[in-house]
Amino acid sequence: MPVLDETLISVFEEVVRRNPGEAEFHQAVREVLESLGPVVAKHPEYADEAIIRRLCEPERQIIFRVPWTDDAGQVQLNRGFRVEFNSALGPYKGGLRFHPSVYLGIVKFLGFEQIFKNALTGMPIGGAKGGSDFDPKGRSNGEVMRFCQSFMTELYRHLGEYTDVPAGDIGVGGREIGYLFGQYKRITNRYESGVLTGKGLSWGGSQVRTEATGYGTVFFVDEMLRATAESFDGKRVVVSGSGNVAIYAIEKVHQRGGRVVACSDSDGYAVDPEGIDLDLLKEIKNGRRGRMSDYVAQRPGSRYVADGSIWEVPCDIALPCATQNELNGADARSLVRSGCRIVAEGANMPTTPEAIRVLRDAEVSFAPGKAANAGGVATSALEMQQNASRDSWTFEHTEARLADIMRSIHERCLTTADAYGSPGDYVVGANVAGFIRVADAMLALGHV
Ligand code: NDP
């Protein structure tokens, strides 16, 4: 395990003590702290002003009851969360996740990551995350709508275009954002477009927001390839997941000349040596909310694996785009064995610390989510810009802006990694560049 700088050990111990049982949050904090040794050595003012200790404590944490009625007339109960982590750079910004695994530790890990990711984009947005242990899977549209309305009936009082602006994440796509926005508008009697991002195109959404996280991840990998005079052309790519991020990562890989040979859902994965048929995948996942097993049933030449790891499929580039800790040490060893040269995180923290170590030791280029998947939130910030000026940009213009942003994040990571003695290390580059931007803003704003 990489060692923590001596001055940061007590900070980490304090985080563990103050947030018991929140393993994912501890993991996310530790991963950032491991990069900060050379930064605190160079900038003692950060320690003097308790910047890192303050960064690890959310500014506000909201936990609330979400009662709703199912189609059978039964009252159901869920728990809602919003962790407003840091607003030094702008209004709180970060998605909502609806998944049965959601608890405070998951929301905090995601919110903490979001601070640095948002800082890395160079845009004026703070960090937050929220969600609920509600499981939309198998629920009717009516049930999802009633849940969203109940969730927003509490959450609305904490939101606002200058205060806190949620978006989607796992289990929260265009349908859920629509129901949430509808309820916000109804309660407040305000058409405040800038209060949520990921909206539909006819009611304040931005072109490219749906595609942004997946596209942005591929733009980032394109920059990594370019740095070694390579391209996607002819590369075999494995993408985990088959949700929003995965689908548009697959689309952009194919546009760039690569071939995605496997993707997955939480039940299993499909191997398709000819390349995933994206039209079929979209029709099954977006149209019918179906499963990867349905894909294989309709796609000759593909096969389905119910048990096992998608990372056993040989590839040149791996893009984990499903969920946290989905790529472990054994998976990383499989990837190394099959000759994989690049791993870039479309999801948040999908790679375990052990897996990152294995990849680094084998000199596999590794891009952490806070850099590689920042295209989603960056495009959300572009959506906020369009809402503020009551403008709407074309697809081409917005995609070009996204590509520029990903290019500059890549550049920022490499320059910073170089300046802090770890050339080519995207983890150090992303953590340090994101941290310094937030830390300097916090210094400027005083003890708040
Ligand atoms: P979606 O809900 O659209 O898709 C999630 C996908 O991951 C589904 O295919 C799902 O399968 C699969 N999945 C979820 N949990 C597991 C699990 N435990 N094991 C295996 N597969 C699983 O979510 P998104 O695509 O929006 O998000 C994916 C990741 O990307 C998350 O980590 C999210 O935080 C991150 N992210 C998303 C952004 C966005 O703009 N949407 C922005 C930045 C990061 P199943 O249907 O079976 O559950």
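Trainee: Which residue in β2 is the bridge partner of I62?

Mentor: That's R82. Keep in mind that we're looking at a predicted model here.

Trainee: What makes β1 and β2 count as paired strands?

Mentor: Two strands pair if there are at least two bridges between them. Strand β1 (residues 60–69) and strand β2 (residues 75–86) have 10 bridges and run antiparallel, so they meet the at least two bridges that pairing asks for. Together β1 and β2 make a hairpin, with five residues between them. In that turn, G73 has a positive phi of about 85°.

Trainee: How do you know that β8 and β9 pair?

Mentor: Same test: strand β8 (residues 268–271) is joined to β9 by three bridges, set against a cut-off of at least two bridges, so the two strands pair. Their sense is antiparallel, and A270 sits opposite Y304 in β9.

Trainee: Why are β9 and β12 called edge strands?

Mentor: Start with the sheet: seven strands, open, in the order β9-β8-β7-β6-β10-β11-β12, with mixed pairing. β9 (303–305) and β12 (365–367) each pair on one side only, and that makes them the edges. On average, neighbours in this sheet are turned by 15° against each other, ignoring direction.

Trainee: Now the ligand. What makes the R97 pair a polar contact?

Mentor: An N or O atom in the R97 side chain is 2.9 Å from a ligand oxygen. The cut-off for a pair of N or O atoms is 3.5 Å, so this one qualifies. The side chain of R209 has an N or O atom 3.1 Å from a ligand oxygen, which is also within 3.5 Å. With V245, a polar backbone atom is 2.9 Å from an oxygen of the ligand.

Trainee: How much of the ligand does the protein cover?

Mentor: The protein covers 82% of the 890 Å² of accessible area that the ligand has on its own.

Trainee: Which residues around the ligand come nearest, and what kinds make up the shell?

Mentor: There are 24 residues around the ligand, and D169, T213, S266, R291 and N348 come nearest. By type, the shell divides into five nonpolar, 12 polar and seven charged residues. At least two shell residues come from each of α9 (209–227), α10 (244–255) and β7 (259–265).

Trainee: Why do you say the ligand lies between domain 2 and domain 3?

Mentor: Because domain 2 (60–190) and domain 3 (212–372) both give residues to the shell around the ligand.

Technical notes. Residues are numbered from 1 along each chain as its sequence is written. This is a predicted model: local features need pLDDT of at least 70, side-chain atom pairs count only at pLDDT 80 or more; totals for chains, interfaces and linings use all residues. Side-chain values use heavy atoms; hydrogens and water are left out. A residue is near a molecule or strand if one of its heavy atoms lies within 4 Å of it. A polar contact is a pair of N or O atoms within 3.5 Å; within protein, one must be able to donate a hydrogen and the other to accept it, and residues adjacent in sequence count only if both atoms are side-chain atoms. Accessible areas come from the Shrake-Rupley method with a 1.4 Å probe; for residues, only the protein chains shown count as cover. Helices (H or I, at least four residues) and strands (E, at least two) are DSSP runs, numbered from the N terminus. Ala, Val, Leu, Ile, Met, Phe, Trp, Tyr, Cys and Pro count as nonpolar, Asp, Glu, Lys and Arg as charged, and the others, Gly among them, as polar. Domain bounds come from an automatic or database domain assignment. Axes are lines fitted to C-alpha atoms, for helices over the stretch in contact, and angles run from 0 to 180 degrees between N-to-C directions.
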